[in-house]
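Hi,

Here is the structure I promised to pass on, with the sequence alongside. Have a look at it first, and then read on for my notes.

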Number of protein chains: 2
Amino acid sequence: MPRYKLTLEYDGTPYAGWQRQNDQPSVQEAIDDAVRKFSGADSQVIGAGRTDAGVHAVGQVAHVDLPKETDPFRVMQGINFYLFNPTGEPEQENPDIPPNRIAILKAELVPDEFSARFSATKRHYLYRIINRRARLGLEAGRAWHVVEPLDEEAMHKAAQMLVGHHDFTSFRDTACQSKSPVKTLEQFDVTRQGEEIHLRLNARSFLHHQVRIMAGSLAMVGKGRWTPSDLKAALDARNRAEAGPTAPPGGLYLVRVDYE
Amino acid sequence: MPRYKLTLEYDGTPYAGWQRQNDQPSVQEAIDDAVRKFSGADSQVIGAGRTDAGVHAVGQVAHVDLPKETDPFRVMQGINFYLFNPTGEPEQENPDIPPNRIAILKAELVPDEFSARFSATKRHYLYRIINRRARLGLEAGRAWHVVEPLDEEAMHKAAQMLVGHHDFTSFRDTACQSKSPVKTLEQFDVTRQGEEIHLRLNARSFLHHQVRIMAGSLAMVGKGRWTPSDLKAALDARNRAEAGPTAPPGGLYLVRVDYE
């Protein structure tokens, strides 16, 4: 069966995450359903990043096997049609708000050896903080609202201590099933534009909740409650309890996945 | 009763528009409810722009009278509390997604003569188009999806023909109740960044659906189906039927309102 690489975006808000669940809607299930309606195949789509409930993507990558070779543009259009019209009926109450908040941006025919998950060489994430007194209206669920003023320069400096090859035990969820807690964080930049702070980072792979725990820990530095050496101590402790809180999922975006 | 100026943002998606309706949720009603719970007053909030269903705001301005003088910061916090916790109970299923998608950004004590609606000297709008083949996932309901490639330079040039003092009959909804169709459009700029096209415009006031009909008409120019002189002819016709389609509400943002 020919394999297709899909690049996709989604609003993670209505989903229990990427991974298929028994009792809640997931991104994977929505795509699998659309693929089945389009192609007749009962394939399971495999994603590069198993994003948590409420986490968004602007450049998630997945692969799926289809029963026969099909023009990639038709693959994109066909899956999108059923994502937006799950019953096959294009009529709906509010055409601006589709039943699924998922769109395939691109489909490409790839060799059978290609794996969206295992062939990925780098995953890029963005974590958005809105740093202001007033609560979020338009951006609720799409950024982390932090009231206390954050020093983004201190955060950027501290972030550099996490860059490199480390044991990230302190920054992974206690339920994380990854064999090794050792990862190489390639880049971690913190910038501010007005009331918005962006954390941009990439690595070959991340541990469960790693980005969100690092974001929560950097916020401790940004508020001045932690010195950079507190962050270093948290890293060295190899103990989840020593790191900061897990930042909320809505601020996190899977931005891009690189392949060789 | 002391008067407060409120600056606010909202995600227009779940609302039937700014204006209070008998049978559907409106932004005005949600704020009035929160004001009543906070202050006990049955005041009606008056907005600078009566945005349509699905139209967003990042800088809407409104005024409201409260029973007694209150620290403006407490006014902001108090109204926000009840917008986010309509029952007065801060517990909710998903704290990232509040029941209302409205936030007061700022409250200020103003003279009794101040009117958010009548004292406004300029209203600034943004209309967002995402110009790409793939449908919208993350930005569904927050931008207009246009598949056909748009020439943003042609759109910008054409937009300049709408700038100035004109009879905008062609660009107002047939149900528009404004006494005069003559308005002065101060500025209308079209720019592109990647797949996103921004229309930024301002005027003292606009007719009903004016921005959306102008956006729909400029898209005709951008697609190459209309020449700039077709746009001029549409303006001169003073006939709604001669202008382009009304662009969808989700792309429209009330960005700022100026006062003397």
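The largest pocket is lined by 36 residues. Those nearest its centre come from both chains: A:Arg128 and A:Glu139 on one side of the list, and B:Arg128, B:Glu139 and B:Glu196 on the other. Chain A gives two or more lining residues from each of β5 (120–131), β9 (196–203) and β10 (252–259). In chain B, the elements that do so are β5 (120–131), β8 (182–193), β9 (196–203) and β10 (252–259). By class, the lining breaks down into 17 charged, 14 nonpolar and five polar residues, and the volume of the pocket comes out at about 1,400 Å³.

Before you go further, a word on confidence: this is a predicted model. Chain A has a mean pLDDT of 94, with 97% of its residues at 70 or more. The scores for the model are ipTM 0.88 and pTM 0.92.

Now the way the chains are arranged. Chain B superposes on chain A (RMSD 0.0 Å) after a rotation of 180° with 0.0 Å of shift along the axis. That is the relation of a two-fold axis. Which residue of chain B comes closest to the rotation axis? It is B:Glu139, with its C-alpha at 5.9 Å, and B:Glu139 is also one of the residues nearest the pocket centre. As for the interface, 97% of the interface residues of chain B are interface residues in chain A too, so the copies meet through the same surface.

I also followed a run of strands in chain A. Strand β7 (residues 164–167) pairs with strand β8 (residues 182–193) in the antiparallel sense, over four bridges. A:His166 has A:Lys183 in β8(A) as its bridge partner. β8(A) in turn pairs with β9(A), again antiparallel, over eight bridges, and here A:Arg192 stands opposite A:Ile197 of β9(A). The hairpin of β8(A) and β9(A) has two residues between the strands, and A:Gly194 takes a positive phi near 65° there.

Happy to talk it over whenever suits you.

Cheers

Note on methods:
Residues numbered from 1 in each chain as written. Chains lettered and ligands numbered in written order. Predicted model: local features only at pLDDT ≥ 70, side-chain atom pairs only at ≥ 80, totals over all residues. Heavy atoms only, no water. pLDDT = per-residue confidence, 0-100. 1 Å grid on protein atoms, 1.4 Å probe; cavity = no way out; pocket = protein on both sides within 12 Å on 5 of 7 lines; lining within 4 Å. Points joined across faces, edges and corners; volume = space filled by probe spheres on them. Nonpolar A, V, L, I, M, F, W, Y, C, P; charged D, E, K, R; others polar. Least-squares fit on C-alpha atoms with pLDDT ≥ 70 in both. Contact = heavy atoms within 4.5 Å. Pairing = 2+ DSSP bridges.
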